[in-house]
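Colleague: Could you take me slowly through one part of this model, starting from a single loop residue and working outwards to its surroundings?

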Amino acid sequence: MSKAFDKVDHGILLKHLETRGIPIRMFTWIHSSLSCRKKRVAANGQFSSWKDVTSGVLQGGVLSPYLLLVYMSSRTTKHATTTNIGYAVDIGLSRWIPCITAESDNTMQEEATHLNSWATQNSLVMNGDKSDELRI
């Protein structure tokens with residue numbers, strides 16, 4: 001994923017947290033830390049107007065990697081036999097395909113398309129420059 005820490009949609013993240021049944025005080029604390037944040041740009045003594053921050057988790061925050069993992073954990077695969085492994089924003093999809101059908105098999109392309117659709121629905125962007133297909 002490209003710039004995933006910056007693109008975490010607060011509304012989607014809070015829904016994921018809510019469905020996991022975290023204690024209400026923790027949910028309220030996280031909601032509060034994500035809400036009412038503002039940003040502006042300063043350059044050469046000039047300042048832009050303040051804008052609301054509606055996405056992203058604080059990079060360097062102790063809780064941020066956990067929040068990103070919760071956000072990323074809603075990924076699914078199109079085929080039940082596809083292995084879906086993720087480490088933060090890096091995702092690995094793998095599946096066994098018989099040699100006899102390997103040339104005509106398009107299930108990995110289907111998985112990549114499915115993953116890209118999930119990313120789009122969750123306000124994330126796939127980084128195609130870092131994506132590879134490996135056939136063994």
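Colleague: Let's start with C36: is its side of the story buried or exposed, and what is its relative accessible area?

Modeller: Exposed: C36 has a relative accessible area of 80%, where exposed means over 50%, buried under 20% and partly exposed in between (1.4 Å probe, protein chains only). Quick housekeeping: this is a predicted model, with local features needing pLDDT of at least 70 and side-chain atom pairs counting only at pLDDT 80 or more, while totals for chains, interfaces and linings use all residues. Numbering runs from 1 along each chain as its sequence is written, and side-chain values use heavy atoms, with hydrogens and water left out.

Back to C36, which is in the loop between helix 3 and strand 1 (38-39); helices (H or I, at least four residues) and strands (E, at least two) are DSSP runs, numbered from the N terminus. Its backbone deserves a look too: phi of C36 is near 60 degrees, a positive value in a residue other than glycine. Along the chain, C36 and V53 are 17 residues apart, yet their C-alpha atoms are separated by 7.5 Å.

S123 makes a handy companion here, since S123 also has a positive phi of about 60 degrees without being a glycine. You'll find S123 in the segment after helix 5. S123 is partly exposed, with a relative accessible area of 34%.

Now step back from the C36 loop into helix 3 (residues 24-34), which packs with helix 2 (residues 10-19) at an angle of about 175 degrees, their axes 11 Å apart. That makes helix 2 roughly antiparallel to helix 3. For the geometry, axes are lines fitted to C-alpha atoms, for helices over the stretch in contact, and angles run from 0 to 180 degrees between N-to-C directions. Angles under 35 degrees count as roughly parallel, over 145 as roughly antiparallel, 65 to 115 as roughly perpendicular and the rest as oblique. On the helix 2 side of the contact (heavy atoms within 4.5 Å) sit H10, L13, L14, L17 and E18, and on the helix 3 side F27, I30, H31 and L34.

Helix 2 has another partner in helix 4 (residues 64-72). Here the packing angle is about 85 degrees and the axes are 9 Å apart, which makes helix 2 roughly perpendicular to helix 4. From helix 2, I12, L13, H16 and L17 meet Y66, L67, V70 and Y71 of helix 4. So L13 and L17 turn up in the helix 2 contact with helix 3 and again in the contact with helix 4.

Helix 4 itself has S64, L67, L68, V70, Y71 and M72 buried. These buried residues pack against helix 1 (4-7), helix 2, helix 3, strand 6 and helix 5. Take S64: at 6% relative accessibility, S64 counts as buried. Leaving aside neighbours within four places in sequence, S64 is in contact with F5, V57, L58 and Q59.

Q59 is worth following, as Q59 is found in the loop between strand 4 (51-52) and helix 4. In contrast to buried S64, Q59 counts as exposed, at 55% relative accessibility. Not counting residues up to four places away in sequence, Q59 touches F5, D6 and S64. F5 therefore shows up as a contact of S64 as well as of Q59. The Q59 and F5 C-alpha atoms are separated by 6.8 Å, although the two are 54 residues apart along the chain.

One last stop is helix 5, one of the elements that the buried residues of helix 4 pack against. T107 lies in helix 5 and is buried, with a relative accessible area of 10%. Residues up to four places away in sequence aside, T107 touches H79, R95 and I97. Set that beside where we began: T107 is buried at 10%, and C36 is exposed at 80%.
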